[in-house]
Amino acid sequence: MTSSTAADPCSEPEPEPEPEPGPGPGGYAAARLRLLHEDATTGPALRARLAALTDRWLAALLGPADGVALVAVGGYGRGELSPRSDLDVVLLHDGRIPAPHVAALADRVWYPVWDMGLALDHSVRTPAQARRTATADLRAHLGLLDARHLAGDPQLTAAVRATAYEDWRAQAPVRLPELRELCEERARTQGELRFLLEPDLKEARGGLRDATALRAVAASWLADAPRDGLDAARTRLLDTRDALHLATGRATDRLALQEQDQVAARLGHDGADGLLRDVYEAAGTVAYAADVTWREVGRVLRSRTAGRPRLRRVLGGRGGRGGFVEPQRIPLAEGVVEQDGEAVLARTARPDRDPVLPLRAAAAAARAGLPLSPHAVRRLRHAAPLPEPWPAEARDQLLALLGAGEPAVAVWEALEAEGIVSRLLPEWAHVRCRPQRNPVHRYTVDRHLVETAVRAAALTRRVGRPDLLLLAALLHDIGKGRPGDHSEAGAATARTVAARIGLDAADTGVLTTLVRHHLLLAETATRRDLDDPATVHTVTDAVPDPGTLELLHALTEADALATGPAAWSTWRATLVDGLVRRASAAYAGAPVTERPEPAPPGPAERRQAAEALRTGAPAVAYGPADGDTLALTVAVPDQPGVLPATAGVLALHRLAVRAAELRGLAGVLLLTWRVAAQYGSPPDAARLRNDLVRALDGTLDIEGRLAEREAAHAGRRRGVPPAPPRVTVAPGGSHDATVLEVRAHDAPGLLHRIGRALESAGVWVRSAHVSTLGASAVDAFYVTAGDGRPLTEPEAAALVKAVEGALG
């Protein structure tokens, strides 16, 4: 088999002529500098002109030479030369030239490139050696598919390129699975580009490597990628890399946080979020094309190995029209059938007359655990618009899709790839590909909403209205990116969506309540004292009835599970469960009593207190575990500095504090902590006691040790500086105490510094509730004056300033 260069899918148009640079590095350097920094050329034209400029320089360096050819491969071979890209070059020779002469020719080209400070990926081979290398090395074979002649004997280049294509097509059944595994391995190590705050534009899934892999699949003639938008997506990723190279002056593919504003400005985006949305959308297009393409490759390769029955089906046999056996088509729903492992439209389906068909086909595919055929999705773009309000069947099919669980994700993304979701729900366009700057979140806003619906589908048996739970899961963050509180904006948007899909007034009210208060349970449970009546009233005042509370409880869990591992734990689940139980009891008529007095110390605590009094030193003991946290009780003879010293020791031993309670007992301070080891096993109680003794007598420099760790922590921190801390008083947070909220970047010793500020202010800390989400800490402290009363407004304002000063 022979390969025509003009017919190859990887061939590129010839670049425009560029003014001829001199053969020396000075002439090339000046022309390159003008092109990159003085010329207004951008995008594909810039890459083509830079490649053409470099072509002529390298050709001039080689000069007249018989029996050799200088060949560009890889990205340079495609003419996609970014400002700091490597030059991937092969020097081919016919094997008849003496080795010293070949080496001299190579040096004539390589050394000026190195002198210019350009990265060079080079090799010297005969055509036979190039073929053997390609057979042994997949990456080398991929590079040769993009081979482009630069100088010397063009027949050498043409022969190597033709051989590379012939071998690639002949070896496709072996090579393509190998290429797919390479792509999957990169995805496992680099992550999904469209969900990363600092994505690698080349290596992450949906990046430039995947786009190149799709070109290689097309070159095999076994399958081709969906072309709609793919070239434009690839161009956007390349343009972003160009701007990144020019902004940083480095050969980097990682779009780091600190560079995003500069790159956005170069590309004309309105800020870093606009840049990321554009990059995410391009990556999503590439990732979807990859999914479709690899599915088709698998289908073709399976058909090749299916044996004679398959061959008979293709070539003719008994049954079917004209001797052909029809592919098996299994009905899934009205107008939807299964064929060859995909959900496709029936021959009788008429999208232009069936406005519910997109949702019906999507629900049928998800329920069957099948992908939607790309051809079917393209046909569904032309479905008639749904009337408003939606007919009941449309709403039911949407709920069936959301309730299908994990298979719904791929089906939803197939609809999104063709713009069908935004046509059904116009509000979706606002959250599509929207980044979330909080590192706790694994996904963009749109994908997070779908993932929350997937998690909610597993909880529908717990609630009386699973339909409202699924809708709330899909819409709970729909207000993100709009002015003001996203929960309030989302509630207004949810009301609009509810009217469109045909919910009645009562259900609309429940849905908007769920969206408006979707953060209520998690925030209240982790930041408030559950025994304080004001905490229960916070919930019952916002949530009107037990049925809505039941839904909100399930939504809270689904939202947290879809956010990421840092957002949900046994400890958080226990706190939310406890809050829901108290609120449910209040709905049932149980009186919300005043905060009970702390339970009297048990025998173990009394023994600890007695030991502390007898020895004049701390007594430390672990209690039972509760999920991922441990109880830790510390008894210390009453003296200044106990709270900050204990918090500092716990920080030194990498114990994360979840909650704390302080009380006095006959000259002894009892501190009850809930802690979790950040790494490995918690330290033994004796080590904690010894360090606490040293901290209290001043021989352990807690502040110095924590400052060293904070400096190391800050040195490893990448990206934009964290936001400054914020200290506020929660109005109405408690009837008998002042609730001080501290929001700050989490760092070693944060609780120690807050404890020192509170102690210096002369307030009594009744309890502390510590919540850490990723890099952010949100801590609540219930404090009173020395006589046990809540602080006055001036006292609270002074305390806020004192804590802010300690954290500044």
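**A small talk about strands and rings**

Colleague: Which order do the three strands of the open sheet have?

Modeller: This is a predicted model, where local features need pLDDT of at least 70, side-chain atom pairs count only at pLDDT 80 or more, and totals for chains, interfaces and linings use all residues. Residues are numbered from 1 along each chain as its sequence is written, and side-chain values use heavy atoms, with hydrogens and water left out. Strands (E, at least two residues) are DSSP runs numbered from the N terminus, as are helices (H or I, at least four), and two strands pair if DSSP finds at least two bridges between them. The pairing in this open sheet is antiparallel, and the order is 5-6-7.

Colleague: Thanks! Which strands are the edge strands?

Modeller: Look for strands that pair on one side only. Those are strand 5 (330–333) and strand 7 (342–345).

Colleague: And which residue of strand 7 stands opposite Gln339?

Modeller: Strand 6 (residues 336–339) runs antiparallel to strand 7, and four bridges join them. Opposite Gln339 stands Glu342.

Colleague: On to the rings: are Tyr28 and Trp57 stacked or edge-to-face?

Modeller: Rings of Phe, Tyr and Trp (its six-membered ring) pair if their centres lie within 6.5 Å; planes under 30 degrees apart count as stacked, over 60 as edge-to-face and the rest as tilted. Here the centres are 4.1 Å apart and the planes are at 5 degrees, so the pair is stacked.

Colleague: How many residues apart in sequence are the parts that this pair ties together?

Modeller: Tyr28 lies in helix 1 (residues 25–38) and Trp57 in helix 2 (residues 43–62). The pair therefore ties together parts whose separation in sequence is 29 residues.
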